[in-house]
Amino acid sequence: MATVKGKVWKYGDDINTDVIFPGKYTYTIKERADMAKVALEDLDMDFNQNAKPGDIIVGGKNWGCGSSREQAVSCVKERGIAVIIAKSFARIYYRNCLNEGLAIIICPDAVDAIQAGEQVEVDFDKGEIRTEKGNVFQFPAYPDFVKGLIEDGGLIPHVKKSLGL
Amino acid sequence: MGKTFAEKALGRAAGQDVVANQVVTVEPDWCMSHDNAAPIARTFKKIGVKNVWKPERIVFILDHAIPAPSSDHAVNHKEVREFSAEQGIKNFYDVMSDGGVCHQKMCEEGYALPGLIMVGSDSHTCTYGAYGAFSTGIGRSEMAAAWATGSIWFKVPESMKVVVTGKFKPGVTAKDFILKFIGDVKADGADYMSVEFHGEGIENMSIAERMTLCNMGIEFGAKNAVCKPDQKVLDAIKDNAKCDRWEPLWADDDAVYAAEYHYDLGDIVPGVAKPHKVDNYATVAEVKGTPIHEAFLGSCTNGRIEDLREAASLLKGKKIAIRTVVIPASWKVYRQAMKEGLIDIFLDSGCVICNPGCGPCMGNHEGILAPGEAAISTANRNFKGRMGDKESFIYLASPLTVAASALKGEITDPREVL
């Protein structure tokens with residue numbers, strides 16, 4: 001998974017799936033590219049207009065609470081977000097990230113230290129987050145079966161592979 | 001060392017002795033999907049498996065936007081019909097008078113049963129814990145994979161024990177208790193955990209009240225929420241259990257918990273969740289007089305006959321001051337409300353009644369708010385934009401508080417109207 005470096009979009013605690021991907025779009029938006037266009041629409045119009053591929057989202061505790069809607073992960077992944085770093089994730093969002101093959105990291109200390117707008121580097125091989133100021137935070141490696149999911153690009157490619165399809 | 005409910009239920013399904021934090025793979029007893037069965041079907045087709053593993057274990061219930069409010073929604077429903085016909089999925093509740101909100105249907109049709117492993121592509125799938133099931137919400141990819149493989153992995157969760165004693169005072173309900181509880185433990189209070197409701201306070205509750213508690217489990221992060229399957233549950237499922245795979249399971253007295261809370265229902269007062277978070281608790285006394293533009297009585301949280309009876313008891317013979325949308329949780333509930341004269345009470349008081357379904361709860365139709373407007377709702381979420389506009393405001397409350405507030409056009413303590 002190597003290393004990614006990008007600009008940080010930082011948010012607080014309990015960011016829910018309705019503000020990441022509004023419920024009113026759940027049956028009117030079908031294409032992933034269109035999901036990306038409304039990402040975080042009810043949370044941060046600056047992100048919605050200006051987030052670029054490779055950028056990084058940093059959230060507080062319980063990122064992604066609320067609905068099970070997977071579009072709240074798809075819209076962020078399709079937007080090209082490289083990784084979400086948070087103090088904790090709501091469980092369905094967490095599973096949806098693994099299933100969509102979107103990298104996520106739980107690292108409360110890094111979240112406290114990282115400032116909005118700074119460039120942050122994440123080294124997945126070493127399990128390190130490096131900030132602009134030179135702070136380094138360690139995060140534990142994924143369990144093997146989770147690593148397999150993310151490396152295969154998510155659950156659907158993973159299932160295809162395991163079924164030999 | 002004793003076992004928790006989650007350890008017993010997942011252990012039974014996995015066919016082995018399990019403990020918290022172990023990862024197990026199990027076969028789901030039921031896989032429930034609503035309108036999102038259509039996008040899940042599209043994902044399923046990408047896998048390349050021709051047939052679902054067991055069509056008889058899959059349930060489709062259209063409820064999120066019914067009848068279709070737009071062509072996009074109609075196309076979505078059409079895809080669900082075509083896929084269910086193609087795959088032989090007979091447990092399909094279409095836009096017809098045997099339908100309703102998916103979680104209500106799963107319970108009243110006898111799918112929700114003690115000890116079963118139930119997954120649904122909806123976060124409020126945790127509702128079935130009221131019948132003693134291990135039930136939890138999953139995403140679309142995961143449901144598509146479950147249809148293809150008949151298996152799903154779970155980390156056996158650690159458990160939280162909530163011990164409830166005492167009785168509610170008049171004007172106070174299960175919704176007031178769960179809003180207060182969420183306000184105390186916060187939106188992540190039970191993240192990843194299995195939540196068990198124990199005690200005489202729960203035993204005295206109806207199944208409808210237990211459904212309200214378990215339904216809101218996800219609002220404080222629970223993986224699943226569950227009550228003991230007692231005689232009330234066994235009586236309820238006696239004639240309509242949809243399968244015989246069930247078995248009453250409950251935690252041992254010496255089970256180990258990651259957290260434990262104690263509540264006396266006699267201490268609970270009418271409460272609300274203020275905008276824009278479910279854990280933003282206040283007593284009704286603290287927000288009394290707040291102007292409200294719309295009242296909503298319905299949803300998988302509080303659209304049952306017991307909820308309609310409570311609201312009607314306050315509305316009888318009186319006129320509402322603001323637009324009030326009443327949506328029974330299923331047509332079965334609707335018919336019962338008609339028989340009891342509740343529909344006449346709502347109409348006489350000025351309420352409008354919509355067809356059973358999710359209605360305005362997640363911003364699709366039937367009661368969307370204008371910018372600057374505030375609603376008081378019996379549903380489960382008050383997130384920004386949830387009822388359609390990000391400049392609107394939602395207060396969550398009990399059916400009694402919603403009815404009392406509808407009469408005055410401002411947040412009102414139901415005990416003043418009783």
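Axes here are lines fitted to C-alpha atoms, for helices over the stretch in contact, and angles run from 0 to 180 degrees between N-to-C directions. Helices (H or I, at least four residues) and strands (E, at least two) are DSSP runs, numbered from the N terminus.

This is a predicted model, in which local features need pLDDT of at least 70 and side-chain atom pairs count only at pLDDT 80 or more, while totals for chains, interfaces and linings use all residues. Residues are numbered from 1 along each chain as its sequence is written, and chains are lettered from A and ligands numbered from 1 in the order in which they are written.

**Where the chains meet**

Let's start with a helix pair. Helix α8 (residues 155-162) of chain A and helix α2 (residues 37-47) of chain B have axes that come within 9 Å and cross at roughly 35°. The crossing of α8(A) and α2(B) is right-handed, meaning that the near helix is turned clockwise from the far one by less than a right angle. On the α8(A) side, Ile156(A), Val159(A) and Lys160(A) do the touching, and they meet Thr43(B), Lys46(B) and Ile47(B) of α2(B). Contact means that the C-beta atoms of two residues, placed from the backbone, lie within 7 Å. Sorted by class, the residues of this α8(A)–α2(B) contact are three nonpolar, one polar and two charged. For the classes, Ala, Val, Leu, Ile, Met, Phe, Trp, Tyr, Cys and Pro count as nonpolar, Asp, Glu, Lys and Arg as charged, and the others, Gly among them, as polar.

Zooming out, 42 residues of chain B are in contact with 32 residues of chain A. On the chain B side, α2, α3 and α5 (140-149) each supply at least two residues, and α5(B) gives the most, with seven residues. By class, that side of chain B has 11 nonpolar, 17 polar and 14 charged residues.

**The sheet in chain A**

Chain A has an open sheet of seven strands, in the order β4-β3-β2-β1-β5-β6-β7, with mixed pairing. Its edge strands are β4 (104-106) and β7 (136-138), and each pairs on one side only. The twist averages 30° from one strand to the next. Two strands pair if DSSP finds at least two bridges between them. Strand β6 (residues 128-130) of chain A is joined to β7(A) by three bridges, and the two run antiparallel. Ile129(A) has Phe137(A) in β7(A) as its bridge partner.

**Chain B and its backbone oddities**

Chain B holds 15 helices and 18 strands. Its radius of gyration (taken over C-alpha atoms) is 20 Å, close to the 22 Å that the globule rule (2.2 Å times the number of residues to the power 0.38) gives for 418 residues, so chain B is as compact as a globular protein of that length. Of those 418 residues, 62% count as buried, where buried means that 20 or more other C-beta atoms, placed from the backbone, lie within 10 Å of a residue's own.

Most residues other than glycine have a negative phi, and most peptide bonds are trans. The spots below are worth a look.

| Site | Backbone feature | Place in chain B |
|---|---|---|
| Ile66(B)–Pro67(B) | cis, omega about -25° | Pro67(B): loop between β3 (58-61) and α3 (71-87) |
| Pro275(B)–His276(B) | cis, omega near -10° | His276(B): loop between β12 (271-273) and β13 (281-283) |
| Lys186(B) | positive phi, about 75° | loop between α6 (174-185) and β9 (194-198) |
| Ser299(B) | positive phi, about 90° | helix α11 (residues 299-302) |

Lys186(B) is buried, with 20 other C-beta atoms within 10 Å. Ser299(B) counts as buried too, with 29 C-beta neighbours inside 10 Å.

Key
A residue is buried if 20 or more other C-beta atoms lie within 10 Å of its own, exposed if 12 or fewer, and partly exposed in between; C-beta atoms are placed from the backbone.
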